[in-house]
Amino acid sequence: MDIINFFKQITDHEPYDYQIRAWEKINKIMELGGRVVIEIPTAGGKTEAAIIPYLYQFISNDWKVPRLIYVLPTRSLVEKQVERIRNYIKKILEIKGYSKDKVEELAKKIVQVEYGLEETHAFLGFVVLTTWDTFLYGLAAHRTVGDRFTFPCGAIAQSLVVFDEIQMYQDESLYMPRLIGLVVKRLVEANVPLVFMTATLPTELKKILGIHDEEPITVNPEDTKKPERGEVVVEFKEKLSDEELSNEIKKAINEGKKVLIIKNTVNSAIEVYEKVKQLGNSLLLHSRFTVEDRAEKEKDIDKAEIIVATQVVEAGLDLTNVGLVITDLAPLDALIQRIGRCARRKGERGKVIVVLPNFNEKINEDHREKVILGFKNIPFENAYVTLVNNKDYGRVIELTIETIEEKKGKSKIVPKKFYIGDLGNKTIRKLIENNKILKKKDLYFIPYSTQPYDPLIMIKSFDEVESVSEYLYDIIKAREALDRVYKEYYENNIVPKDYYSAYIYFRELKLFSTPPEYELKARPEMFAILYPLENAEEKVKNKEIIEFNPKYVIRVSYNWLKNKWEKFDKKFELIKEYDEKGWICSLKKAGKLQPYKIYIIDDKYYSKETGIII
Amino acid sequence: MILGEIMEVLAFKNQSLIDHVNDMVKYWERIKYRYLKTIKRALEALNIKLDIEKVDEFMKILIKLHDIGKASKIYQRAIINDQEKLMGFRHELVSAYYTYHILLKKFGDKNLAFIGALTVMLHHEPIIMGQIRNLKKKELTAEVVLDKLKKFDGMIEDFEDLIKKLIGYSIGDIIKNDSNKDDIIRFVIEMSVRARHTPNSEKLRFIVGTLLLPLVMCDYKGAESREGKAPKFAEVLEVESYVI
């Protein structure tokens, strides 16, 4: 059986032309080492383009690599992908003649998940799915079993490593992409075969990741077999009234279609969910649920008619029949992903409404001359644009424009500065409330809060909204647009200190050396863990032993928790002690808030339906 | 190739070195289909070009020699007599010395011999790294090497026959027969320094790791027939060992 027939047999589909091109290239790098970049719009069959050459080895018995390591940015994406790959393995085992029971048993063993929670980080097995942080820690000799510093590194070096959804590895200081770039360089030097999969990426980001000189595999205009998706119409509205929102949802549900609403913040997602939940079978999904509840919701997502979510659903969610997507304006790459959730199958039709996040109509009306939504309609040339922490206005966009001034018959170039803040900025909000903003000649504002995103990226993404449906189909146009949106972001970005220390750390990793003392951060954002518990206070008083269940934890950002910390009236810390029976967990009153710790909160602050309530 | 019994040089209290190696070679024959090409690719990153048959031969030499340091007088005394203490003696350091010279003779490639010897030297990485920490050091320094080999007092009398049986060479054709303690100490220190300070030392973690994994798998499998509880890491290795 050749690879094409193999593919047909395990997927019941004909391969796309680009997938065949990908397989040829991946086959080569599996033998010789190297990189393959696959750049395909959403719902285009990227996973199969990447993994089929590895899976085909089960049939051909010509093993070029013993293992596939599939790296994803989040655990929930890992959970989804595990099932998909396990199903392919089952079909392979059936082809090889294994009995039904054996197929089930072996498929579980062949596909392993590595989160680094158990003390292994060994990356052993045939197919290993993991998150980026776990992968990095293994590679960087952190938290390995015993002192096996070289073992996980060897397991990685032997494998075909697939990095999926790499557009999600961005952060404000580009720490993560730089770290990936560093790791990629090391892996390439060691001849490790690497596959990078993404929707469109800005050119500069590709440079940081170290994949810019690879010609990406994508759909060519002359391809006859190519992924085709449904038709999507994108509309932009500053705001959707409650009535309009309800009418749009009812219409879609009456047509038998699903509705997906994506908000930029957890609070606004909860707010919308409360408004729409009575219109149909609804489900709310965001990051502030316990591991167990979130997994349950992800399982139930197919049954829901209305899904309200935050950016947790941006990638990897393959729902059929989504006929209506209502999304907050978001950075262009996220927006393309969100729109990509709509009408994913050929023949489906869908509508996307992009709205401004919590747009404030009154403020907009009262200060119209000060409002800025995008740069497109502001006439300025040769401006230097950057994001600054201004001493008067806080975190704002700064525009420096060169003006020519005449003085005593002589003309002189004088730089003038203008600032643009957003409603997420406290100073700006205060100036508006006190009616003082109109007097500030150099200050303008965006009439909504851009959080959690960079206001500059939001303004520049707004400029692209009217063409966004084209970007869904045309990867070149999408890349050009992303380069426009992220131009200043990359030009102004300064390499963070953390990256240099990580660079030195990697350089110091040697055989026969213990790893240097260094807290390598795979995620730039500090986090803490919350654990809702019934009668927590009583349990502390009675010095009760707690049965700690990792499924009940909620990982939250440290900054978020710092802001909310005082609002939790009683909070405790988890203490783990070892005695002859094993680990014993108990509680004590929480001391000063610190990142990476586990804090117990009373269960009145948690609801299975809406998550943390504070 | 299954080796015949020649003597009772012990790898463990109740398993001879020959039995241990035989079991490992048998296991390697079962699993090698998955690793040969990946090892070939890894070695090419260091400009070492071997065909598949040579990769197989190379790995078999690592398997046969990884525990050859156990054919030392001190190790054999300690394994038979509980009163005799190893005092931190690490057999893999001695194994690496012989592996290097035999690989050099077989393949004529210093880089390949270097990589092979490093892999053998690291096949008990958790133990050697733990001992480095116990000595309050961060690296395999000259002081650590001296400590690890302080009890070494030469190889057993039948060593020459054992090597001939394992590799087919007479050890005298390869290195001077009376390699003394100083030669081995000097060699191990040089290996450690080179591993940490050559320009491509960052790459070595990947290449040596690639070879280490199947060697360690074979080592665990090859030790299964000895008495006693299986080490915990054997459970971790299980997912790697299915034959589909």
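Helices are DSSP runs of H or I of at least four residues, numbered from the N terminus. In the predicted model analysed here, helix α6 of chain A, spanning residues 132-139, fits this description and is followed closely by a residue of unusual interest for the backbone: just after α6(A), A:Ala141 adopts a positive phi of about 60°. The helix itself is mostly covered, with eight of its eight residues buried. These residues are A:Trp132, A:Asp133, A:Thr134, A:Phe135, A:Leu136, A:Tyr137, A:Gly138 and A:Leu139.

A second helix of chain A, α11 (residues 266-276), also contributes buried positions, namely A:Val266, A:Ser268, A:Ala269, A:Ile270, A:Val272, A:Tyr273 and A:Val276. The elements covering the buried residues of α11(A) include one helix, α10 (242-254). Strands of chain A are likewise found in this cover, among them β8 (258-262), β9 (282-285), β10 (306-309), β11 (322-328) and β23 (611-612).

Strand pairing in chain A was examined for β14, β15 and β16. Strand β14 (residues 394-407) and strand β15 (residues 410-422) are joined in the antiparallel sense by eleven bridges. Within this pairing, A:Glu406 has A:Ser411 of β15(A) as its bridge partner. The two strands form a hairpin with two residues between them, where A:Lys408 takes a positive phi near 50°. Strand β15(A) also pairs with β16(A) (residues 443-446), here in the parallel sense and over four bridges. In that pairing, A:Ile420 lies opposite A:Tyr444 of β16(A).

Helix packing in chain B is illustrated by α3 (residues 52-65) and α6 (residues 110-121), whose axes lie 10 Å apart and meet at an angle of about 40°. Because angles from 35 to 65 degrees fall outside the parallel and perpendicular classes, α3(B) and α6(B) are oblique to each other. Their crossing is right-handed. On the α3(B) side, the contact is made by B:Phe58, B:Leu62 and B:Leu65, and on the α6(B) side by B:Leu112, B:Gly116, B:Thr119 and B:Val120.

Cysteine pairing was assessed over all chains, and the count of disulfides is zero. B:Cys218 takes part in no disulfide, since the nearest cysteine sulfur, that of A:Cys153, is 20 Å away, whereas a disulfide requires the sulfur atoms to be within 2.5 Å. B:Cys218 has 0% relative accessibility and therefore counts as buried, the limit for this class being under 20%. A:Cys342, at 0% relative accessibility, is likewise buried.

Technical notes:
Residues are numbered from 1 along each chain as its sequence is written. Chains are lettered from A and ligands numbered from 1 in the order in which they are written. This is a predicted model: local features need pLDDT of at least 70, side-chain atom pairs count only at pLDDT 80 or more; totals for chains, interfaces and linings use all residues. Side-chain values use heavy atoms; hydrogens and water are left out. Buried means under 20% relative accessible area, exposed over 50%, partly exposed in between (1.4 Å probe, protein chains only). Contact means heavy atoms within 4.5 Å. Two strands pair if DSSP finds at least two bridges between them. Axes are lines fitted to C-alpha atoms, for helices over the stretch in contact, and angles run from 0 to 180 degrees between N-to-C directions. Angles under 35 degrees count as roughly parallel, over 145 as roughly antiparallel, 65 to 115 as roughly perpendicular and the rest as oblique. A crossing is left-handed if the near helix is turned anticlockwise from the far one by less than a right angle, and right-handed if clockwise.
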